[in-house]
Amino acid sequence: MNKSGRAQPSRSDRRPGPRSRAPLYAALDLGTNNCRLLMAAPDGAGGLRVVDGFSRIVRLGEGLAHTGRLSEGAMARAYQALTACAERIEARAPIAVGCVATQACRAAANGDVFLNRVRKDLGLDFQVISAEEEAKLSVLGCASLLEPHAEHAMIVDIGGGSTEVSWVSPHDVLQGGLEAPIVSWGTSPMGVVTLAEEDPEPESNKREWYEALVSRLAEAVLKIGDAQHLRQAFAEGRGHIIGTSGTVTSLAGVYLDLPRYSRQRVDGMWFDVADCRATIAKLLAQTREERAQNACIGKDRADLVVIGGAILDAVLRVWPATRIRVADRGLREGVLMRLMAQKGAA
């Protein structure tokens with residue numbers, strides 16, 4: 001099985017190759033920042049064999065915090081990306097397609113209007129899922145990265161419009177099938193797009209700005225979920241953290257100094273927290289133009305990756321750990337696993 005964030009083919013807009021002979025399933029995630037498609041077949045061992053993927057930053061939530069609505073420009077960008085997804089789906093002809101929309105469409109007054117247009121024009125029928133359902137699907141998609149002997153695990157999903165956190169017992173999740181139990185979960189409206197608009201990175205005094213931002217975000221992290229009784233376990237190394245988001249995978253790719261993003265290199269790697277913070281500091285010291293030159297960031301993430309790093313840093317200040325596990329999987333994989341189960345293929 002291969003939330004997350006980006007399947008290897010999704011780093012370019014290559015035309016899909018020949019159809020796989022195995023029955024294919026597709027999951028499409030329309031988030032506040034990204035539009036992401038993943039197509040896969042069962043691998044025969046309870047996991048997924050990725051056949052095709054697509055990812056494009058659309059910033060659907062741009063301006064949403066100020067207006068309460070999806071802007072015309074944001075909808076146009078998302079519609080263009082969804083058109084590309086619809087073409088790939090038509091070419092591959094999966095036997096089932098699951099389309100989910102998250103924070104931007106949950107919050108926007110015109111979210112349903114936009115999704116109705118997408119359904120009518122492109123045949124993509126989106127379900128706007130709750131933050132709780134989003135967390136459950138992310139846990140399901142990341143289950144195979146859980147350390148089975150750990151007492152607790154915490155899954156952190158840093159999105160464009162919100163951050164979801166789930167605490168689980170790895171043993172219970174691995175034994176729980178498609179309805180994996182969650183000890184606690186919570187969400188906070190801190191996302192990379194919304195924060196970039198509310199508190200953009202300055203041109204000077206960046207270190208002071210960063211420290212103030214992390215301190216403020218840490219106060220918000222303290223209020224997420226109802227799991228404070230587990231903090232000691234994490235401090236003592238009896239719990240581990242999984243990070244599933246474009247922020248975490250980008251930071252890992254930068255740390256590895258990859259000439260081109262590689263899901264195979266990043267997904268599942270253990271990232272020392274000291275190295276993670278050093279990578280954030282390195283990027284903070286760079287200009288946006290310098291970040292944009294990095295193949296693991298690109299121009300569309302250049303102004304977001306440090307803010308995402310600040311969210312992650314805030315989580316790690318509240319929930320101490322020496323390392324985190326990087327997940328280039330999550331929500332879409334959870335959707336695929338449920339689709340396959342419904343069709344009797346899981």
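These legends accompany a set of close-up views of a predicted model.

**Figure 1. The six-stranded open sheet.** Let's begin with the whole sheet. Its strands follow the order E8-E7-E6-E9-E11-E10, and their pairing is mixed. At the edges stand strand E8 (184-188) and strand E10 (270-272); each has a single partner strand, so one side of each is left without a neighbour in the sheet. From one strand to the next, the twist averages 25°.

**Figure 2. Strand E6 and its two partners.** Which residues of E6 cover its two faces? On one side you will find His152, Met154, Val156 and Ile158, and on the other Ala153, Ile155 and Asp157, all of them buried. This arrangement fits a simple pattern: in a regular strand, side chains alternate between the two faces of the sheet. Seven of the seven residues of E6 are buried, so the strand is largely enclosed by the rest of the structure. Five bridges pair E6 with E9 in the parallel sense, and Met154 has Ile241 of E9 as its bridge partner. With strand E7 (residues 163-168), E6 runs antiparallel and is joined by six bridges. Here Ile158 stands opposite Thr163 in E7, and a hairpin of four residues connects E6 to E7.

**Figure 3. The edge strand E10 and the helices beside it.** Now move to the E10 end of the sheet. E10 and strand E11 (residues 323-326) run antiparallel and are joined by three bridges; Trp270 has Arg325 of E11 as its bridge partner. Helix H12 (residues 273-285) packs on the sheet, where it touches E10 and E11, and its direction makes about 70° with that of E10. Another helix, H10 (residues 246-255), lies across strand E6 (152-158), strand E9 (239-243), E10 and E11, and runs at about 105° to E11.

**Figure 4. Helix H12 packed against helix H14.** Two numbers set the scene here, as packed helices are described by the angle between their axes and the distance between the axes. For H12 and helix H14 (residues 305-318), the angle is about 150° and the axes are 10 Å apart. The two helices are therefore roughly antiparallel to each other, and H12 passes H14 in a left-handed crossing. H12 brings Val273, Cys276, Arg277, Ile280, Leu283 and Leu284 to the contact, while H14 brings Val305, Val306, Gly309, Leu312, Asp313, Leu316 and Arg317. Sorted by class, this contact has nine nonpolar, one polar and three charged residues.

**Figure 5. Strand E2 between E1 and E3.** For the last view, we turn to another set of strands. How many residues of E2 are buried? In strand E2 (residues 34-42) the count is eight of nine, so to speak a mostly covered strand. Six bridges pair E2 with strand E1 (residues 25-30) in the antiparallel sense; Asp29 stands opposite Arg36 in E2, and a hairpin of three residues joins E1 to E2. Strand E3 (residues 48-57) also runs antiparallel to E2, through nine bridges, and Met39 has Asp52 of E3 as its bridge partner. The hairpin formed by E2 and E3 has five residues between the strands, and Gly44 in this turn has a positive phi of about 85°.

Terms used:
Residues numbered from 1 in each chain as written. Predicted model: local features only at pLDDT ≥ 70, side-chain atom pairs only at ≥ 80, totals over all residues. Heavy atoms only, no water. Pairing = 2+ DSSP bridges. Axes fitted to C-alpha atoms, helices over the stretch in contact; angles between N-to-C directions. Contact = heavy atoms within 4.5 Å. Parallel < 35°, antiparallel > 145°, perpendicular 65-115°, else oblique. Left-handed = near helix turned anticlockwise from the far one by under 90°. Nonpolar A, V, L, I, M, F, W, Y, C, P; charged D, E, K, R; others polar. Buried < 20%, exposed > 50% of the residue type's maximum accessible area, 1.4 Å probe, protein only.
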